[in-house]
Amino acid sequence: MSAGIPGQIDLAGPVGKLLHRRRLHNATVMQSFAVDPVTGDVYVLQVMEGGIRLGDEAAAVDYATRKAHGDLCLTRLDRTGTLRGHMYLRGFGHGVNLGVENRAGRIWLWTEAASTPNSRNEGYGTAVVSFTYADGDVVDSGTARHTAYTPDPAARFLTPTVDHGAKELVLRYSLGGVTTFARYDLAKAAAGDWQVIQRITPAVPAAGTDFQGYASHAGVLYTLKGQSLDAAPLPGNTYITAFAWATGAQLDHRHITAGPGLVWREAEGMAVSVRDGVPHLHFGFACEDPGPRTCTVLSLSGAPETDGVKVLTDWQPLALAAGVTAYQHAPQGRLVSLAGTTTLQLGGGVQGPFTTDTVIGTLPDSLVPSVTARATVPAGGPPGGPTVARVEVGTDRAVRLYGARSTAPLAWAQLDNVTAVWR
């Protein structure tokens, strides 16, 4: 880690995962996301796809018109990646950043609003607004449930995020060609009292070209830049930069090469969540080419390292395929960092019998690699006794067992030997 401050998340640390190639309510590129600090639900913004006709519209509207007007789709996913709801937001902007609050179980969202088109006829926000989540709602900018705010009538590209640790709302906007980040007390802002705590104008490096999101935690501002693989082939040009709020000085700047097997892989969105007291810096990639696009969210963990080992994702059960049962112990998996390398570990075993290569189970999103991981495992069954088989963990979430034949069936396979580099 470069010159750090307490609480700073190491941008060179091992990478884990939150969501893997999840479909959203619309087929367009994910623009940003935020995590409910209580439930772990993920809220994702995207520009509305073309061809949708909402209830009060005379006809379906094309994508170019939606983008110019700043029409957005908001998708709600639970922590397993299952789609749980959506909203449509008309005239809000491009969806570059998003904040979410959980107030005693009621969800409040912070977004840009009052969209105006830029030189490329793409709508971007000129104000920020908060409103409650309601599944299936259509909300028009100017009629939202909370009065919109702007720090200056000339401000453009205005977007918010919530710093839950500091209980602050952070805004980013451009004024007179200068990009500014500003901090506000969250509760006061929600009540309409906009007293700025601090403004900084950090020099975000040019590397990565396109600004794609930001987050704030423990006195550190994080920014994300990057383009899709068609513009910047592997290893890509995704960069995360950290700045000290106290001074505006750059603390770290890293080229992010995680997720090399993702298709399209366009950096989109940042957020911080805290689980069991451990902060996680999440950064997203829009995936698939051609679409429909999907949402993948990777994570950098602030967990401590003990004797060269850092637990990124604790033990989680594998969902067994039909006809497969546990052998001795139920199959499970986790991600750990061993000397700085993210490693997938599996445990437990499965029993069949198996007479052909087959899928034995499914991984949760947090364990799915972007490049297939392989390992040799003990297996056996009468009459040949113990032998070996191969286990492959794929990018499609499937865990496959190879080596069984009708002439040489396998009664069981032990997964404790699976320790594979995870990317």
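Colleague: Strands here are DSSP runs (E) of at least two residues, numbered from the N terminus. With that settled, where does aspartate 307 sit?

Modeller: Aspartate 307 is in the loop between β22 and β23. Keep in mind that this is a predicted model.

Colleague: Noted. What sign does phi of aspartate 307 have?

Modeller: Positive, near 50 degrees, and this is a residue other than glycine. Most residues other than glycine have a negative phi.

Colleague: And is aspartate 307 buried or exposed?

Modeller: Aspartate 307 is exposed, because its relative accessible area is 78% and anything over 50% counts that way.

Colleague: What's phi at threonine 209, and where is that residue?

Modeller: Threonine 209 has a positive phi of about 65 degrees, though it isn't a glycine. You'll find threonine 209 in the loop between β15 (196-200) and β16 (211-217). With a relative accessible area of 49%, threonine 209 is partly exposed.

Colleague: Let's switch to peptide bonds. Which residues does a cis bond join, with omega about 0 degrees?

Modeller: Aspartate 289 and proline 290. Proline 290 belongs to the loop between β21 and β22. There's also a cis bond from glycine 352 to proline 353, with omega near 15 degrees. Proline 353 is in a strand, β28 (residues 349-354). As background, most peptide bonds are trans.

Colleague: Pockets next. How much space is in the largest pocket?

Modeller: About 770 Å³. The lining has 31 residues, and the ones nearest the centre are Leu18, Arg79, Arg275, Thr313 and Gln316.

Colleague: Which strand gives the most to that lining?

Modeller: β23, with five residues. The elements that each supply at least two lining residues are β1 (15-23), β20 (266-275), β21 (278-287), β22 (294-301) and β23.

Colleague: Since β23 came up, which residues make the nonpolar surface patch that includes Val309?

Modeller: Val309, Val311 and Leu338 make that patch, which covers about 180 Å². Valine 309 lies in β23 (residues 309-317). Valine 309 counts as partly exposed, because its relative accessibility is 32%, between the 20% and 50% limits.

Colleague: What about enclosed space: how many cavities of 30 Å³ or more are there?

Modeller: One. The largest cavity has a volume of about 70 Å³, and β2 (30-35), β6 (99-103), β12 (156-163), β16 and β20 each give two or more residues to its lining. Among the lining residues are Ala34, Leu98, His164, Ser216 and Val272.

Colleague: Changing topic: how many salt bridges does a search of the whole structure find?

Modeller: It finds 20. One is between aspartate 41 and arginine 76, where the closest N and O atoms are 2.9 Å apart. Aspartate 41 is in the loop between β2 and β3 (42-47) and arginine 76 is in β4 (residues 72-77), so this pair ties together parts that are 35 residues apart in sequence.

Colleague: Is aspartate 41 buried or exposed?

Modeller: Buried, at 9% relative accessibility. Arginine 76, at 22%, counts as partly exposed.

Colleague: Which residue does aspartate 357 meet in a salt bridge?

Modeller: Arginine 405, at 3.1 Å from N to O. Aspartate 357 sits in the loop between β28 and β29 (358-362), with arginine 405 in the loop between β32 (398-402) and β33 (410-414), so the pair ties together parts that are 48 residues apart in sequence. Aspartate 357 is partly exposed at 33%, and arginine 405 is partly exposed at 44%.

Colleague: Which residues form a network of salt bridges?

Modeller: Asp56, Glu57, Arg66, Asp71, Arg90 and Asp140 are linked that way.

Colleague: What is the salt-bridge partner of glutamate 392?

Modeller: Arginine 390, with 3.0 Å from N to O. Glutamate 392 lies in β31 (residues 387-393) and is buried, with a relative accessible area of 12%, whereas arginine 390 is partly exposed at 34%. Leaving aside neighbours within four places in sequence, the contacts of glutamate 392 include Thr372, Arg374, Val399 and Tyr402.

Colleague: Last one: what does serine 130 touch?

Modeller: Beyond residues up to four places away in sequence, serine 130 touches Trp108, Leu109, Trp110, Arg145 and His146. Serine 130 is in β10 (residues 127-132) and is buried, with a relative accessible area of 0%.

Terms used:
Residues are numbered from 1 along each chain as its sequence is written. This is a predicted model: local features need pLDDT of at least 70, side-chain atom pairs count only at pLDDT 80 or more; totals for chains, interfaces and linings use all residues. Side-chain values use heavy atoms; hydrogens and water are left out. Patches are made of residues with over 30% relative accessible area and no salt bridge: like charges are joined within 9 Å, nonpolar side chains (Val, Leu, Ile, Met, Phe, Trp, Tyr) within 5 Å. Accessible areas come from the Shrake-Rupley method with a 1.4 Å probe; for residues, only the protein chains shown count as cover. A salt bridge is a side-chain nitrogen of Lys or Arg within 4 Å of a carboxyl oxygen of Asp or Glu. Helices (H or I, at least four residues) and strands (E, at least two) are DSSP runs, numbered from the N terminus. Buried means under 20% relative accessible area, exposed over 50%, partly exposed in between (1.4 Å probe, protein chains only). Contact means heavy atoms within 4.5 Å. On a 1 Å grid over the protein atoms alone, a cavity is a set of points where a 1.4 Å probe fits but cannot get out, and a pocket is an open set with protein on both sides within 12 Å along at least five of seven lines; lining residues have an atom within 4 Å of a point. Grid points are joined across faces, edges and corners, and a volume is the space filled by probe spheres set on the points.
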